[in-house]
Amino acid sequence: MSDTPFGFGLPPEEPDDGDEGKKKDQESGGGQGPANPFGFGGLPGAGGFGGGPGADNPFAAMFGSLNPNDLGAAFQQLGQMLSYEGGPVNWDMAKQIARQTVSQGSPDGTKDTSVGPAERKAVEEAVRLADLWLDDATSLPSGAGSAVAWSRAEWVEATLPAWKELVDPVAERVGTAMGDVLPEEMQAMAGPLIGMMRSMGGAMFGTQIGQAVGVLAGEVVGSSDIGLPLGPAGKAALLPVNIETFGKDLSVPQEEVRLYLALREAAHQRLFAHVPWLRSHLFGAVDGYARGIKVDTAKLEDVVGQFDPQNPEQLQEALQQGMFQPEDTPEQKAALARLETALALVEGWVDAVVHAAAKPRLSSADALRETLRRRRASGGPAEQTFATLIGLELRPRRLRDASRLWASLTDARGVDGRDALWHHPDMLPTATDLDDPDGFVHREQIDFSELDKMLGEAADKPDLKKPDPKKKDEGENKGDDAE
């Protein structure tokens with residue numbers, strides 16, 4: 001698990017000009033107090049990302065700089081934060097900050113650009129070819145109604161609804177805890193204070209999520225990199241600018257890199273399109289885990305009791321000290337195990353199916369497979385982002401085990417027999433089965449499709465237990481005649 005379950009704020013970067021930069025930062029007020037104490041790196045109107053006094057902290061811009069423009073922008077931003085009355089996360093702020101993070105460019109220096117016609121055509125052709133190859137590797141039909149090429153900014157726009165669904169449960173728990181720490185008789189009196197804290201909390205969550213999603217947008221290559229369906233259903237999406245960066249040092253032709261990544265995206269689309277319970281199963285596992293995160297109410301009570309509206313960064317400092325921790329309970333461990341197993345099965349199936357489709361056709365299939373395996377297993381951008389958002393390392397820890405199991409199932413039962421396991425969640429391998437793949441492969445499986453058919457037929461038959469009124473009357477008449 002992450003050492004900082006909510007991972008608030010990215011570590012401060014060293015100034016480009018070393019000690020001189022630090023000196024200038026202190027003179028401008030940015031060096032007072034902890035770096036970026038409230039996590040508002042680059043808020044709108046606060047000097048931009050990395051530029052101008054207060055870029056790392058709008059409150060420093062307010063009180064540490066006499067620049068009228070910075071002061072006005074900071075007061076405007078503070079007003080927006082305190083006037084927010086929406087849900088537990090200020091998603092408007094999250095979107096704004098994610099877009100600004102994207103506009104900065106990624107750490108390797110690449111900038112986001114609009115996708116041109118040639119790149120769109122290349123992505124469409126890659127996905128079309130990938131779907132043809134996958135027809136031989138899986139019984140699940142195509143799940144991509146369309147293929148789209150996204151810029152990083154377009155990826156942010158398209159995936160924010162999914163992030164909202166994933167993050168809101170944790171943020172809701174925090175917002176509720178903020179109101180519950182005060183005695184009931186004091187809550188009415190402290191209404192304005194609680195309202196202010198919730199508004200600040202919504203802005204804080206929005207800021208962190210915006211930063212994390214913006215950074216992730218600079219590294220993902222499609223809509224399914226983290227094993228969850230983040231984009232709209234039926235759209236196979238690839239990011240040409242990130243694919244180019246991904247394949248730059250691999251000594252593999254760009255066309256093969258694009259095609260292999262299209263295979264993975266198209267395979268994910270097939271799985272989520274034709275296994276209707278899978279999305280809710282995965283999101284439910286994330287939600288179940290998130291709801292097991294507890295808030296240190298003693299620490300929160302102390303923060304609420306000493307909260308100073310003129311010093312809002314103390315709330316952020318308290319959060320950085322580990323106010324949120326996963327409960328060490330059997331239920332929480334079971335929720336984590338369910339999520340990790342589900343992720344491993346999804347990624348393992350995609351890995352096995354894509355390898356079967358690519359191996360006979362791409363000379364670089366083995367190298368690309370190993371590169372992506374290491375990227376997923378070593379804690380890539382997805383894991384870091386999720387550790388930032390909800391204290392969860394979204395890593396398919398048993399990817400290789402799951403991939404071997406699916407490959408063994410293909411050998412023993414064929415493509416149709418392997419894919420039939422997705423018909424019902426109870427048919428899927430468990431974490432124990434990943435320890436003993438051979439035992440699972442050769443075990444008799446319950447055929448839920450036949451059971452469903454039998455139940456359906458039984459439902460269509462007349463209820464034999466319910467007496468027929470006509471027959472009852474006839475029986476009574478016969479009885480009378482007999483007498």
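Buried here means under 20% relative accessible area, while exposed means over 50%. Keep those cut-offs in mind, as they come up throughout this predicted model.

**Helix H5 and its two sides**

Let's start with H5. Its buried residues are Ala 122, Val 123, Ala 126, Val 127, Ala 130, Asp 131, Trp 133 and Leu 134. They sit on the same side of H5, because the arc they cover around the axis is only 165°. Turn to the other side of H5 and you find Pro 117, Ala 118, Arg 128 and Leu 132, which are exposed.

What lies over the buried residues? The cover includes two strands, E1 (146–149) and E2 (235–238), along with helices H9 (240–247), H10 (254–274) and H14 (330–358).

One residue on that list deserves a closer look: Asp 131, which lies in helix H5. Its relative accessibility is 12%, so Asp 131 counts as buried. What does its side chain pair with? A polar contact of 2.8 Å links the side chains of Asp 131 and Ser 142. Leaving aside residues up to four places away in sequence, Asp 131 touches Ser 142, Ala 144, Ala 266 and Arg 270.

**Helix H15, and a length check**

H15 also has a buried set: Ala 365, Leu 368, Arg 369, Leu 372, Arg 373 and Arg 376. Looking down the axis of H15, these buried residues fall within an arc of 135°, so they line one face of the helix.

How do the end-to-end spans of H5 and H15 compare with what 1.5 Å a residue predicts? The table puts the values next to each other, and for H5 the expected and modelled spans agree, as they do for H15.

| Helix | Residues | Number of residues | Expected span | Distance between end C-alpha atoms |
|---|---|---|---|---|
| H5 | 117–134 | 18 residues | 26 Å | 26 Å |
| H15 | 365–377 | 13 residues | 18 Å | 18 Å |

**The core and its tryptophans**

In soluble globular proteins, nonpolar side chains tend to be buried together. In this model, the largest nonpolar core has 92 residues, and those with the most contacts inside it are Trp 155, Trp 163, Leu 278, Trp 349, Trp 406 and Trp 422. Which helix gives the most to this core? That would be H14, with 13 residues.

Now for the rings. The model has 3 aromatic pairs. In one of them, Trp 349 and Trp 422 have ring centres 6.4 Å apart and planes at 85°; an angle over 60 degrees counts as edge-to-face, so that is what this pair is. The pair brings together distant parts of the chain, 73 residues apart: Trp 349 is in helix H14, while Trp 422 is in the loop between helix H17 (399–419) and helix H18 (431–435). Both Trp 349 and Trp 422 are buried. Together with Trp 277 and Trp 406, Trp 349 and Trp 422 form one aromatic cluster.

**Two more residues to click on**

Ser 251 is in the loop between H9 and H10. Its phi is near 55°, a positive value in a residue other than glycine. Is Ser 251 buried or exposed? With a relative accessible area of 78%, Ser 251 is exposed.

Arg 173 is found in helix H6 (residues 152–180). At 29% relative accessible area, Arg 173 is partly exposed. Its C-alpha atom is separated by 9.0 Å from that of Ala 290, although Arg 173 and Ala 290 are 117 residues apart along the chain.

Note on methods: Residues numbered from 1 in each chain as written. Predicted model: local features only at pLDDT ≥ 70, side-chain atom pairs only at ≥ 80, totals over all residues. Heavy atoms only, no water. Helix = DSSP H or I, 4+ residues; strand = E, 2+ residues; numbered from the N terminus. Expected span 1.5 Å × (residues − 1). Buried < 20%, exposed > 50% of the residue type's maximum accessible area, 1.4 Å probe, protein only. Arc of directions from axis to C-beta. Contact = heavy atoms within 4.5 Å. Core = buried A, V, L, I, M, F, W, Y, C linked by side-chain atoms within 4.5 Å. Polar contact = N/O pair within 3.5 Å; in protein donor to acceptor, adjacent residues only side chain to side chain. Phe/Tyr/Trp six-rings, centres within 6.5 Å; stacked < 30°, edge-to-face > 60°.
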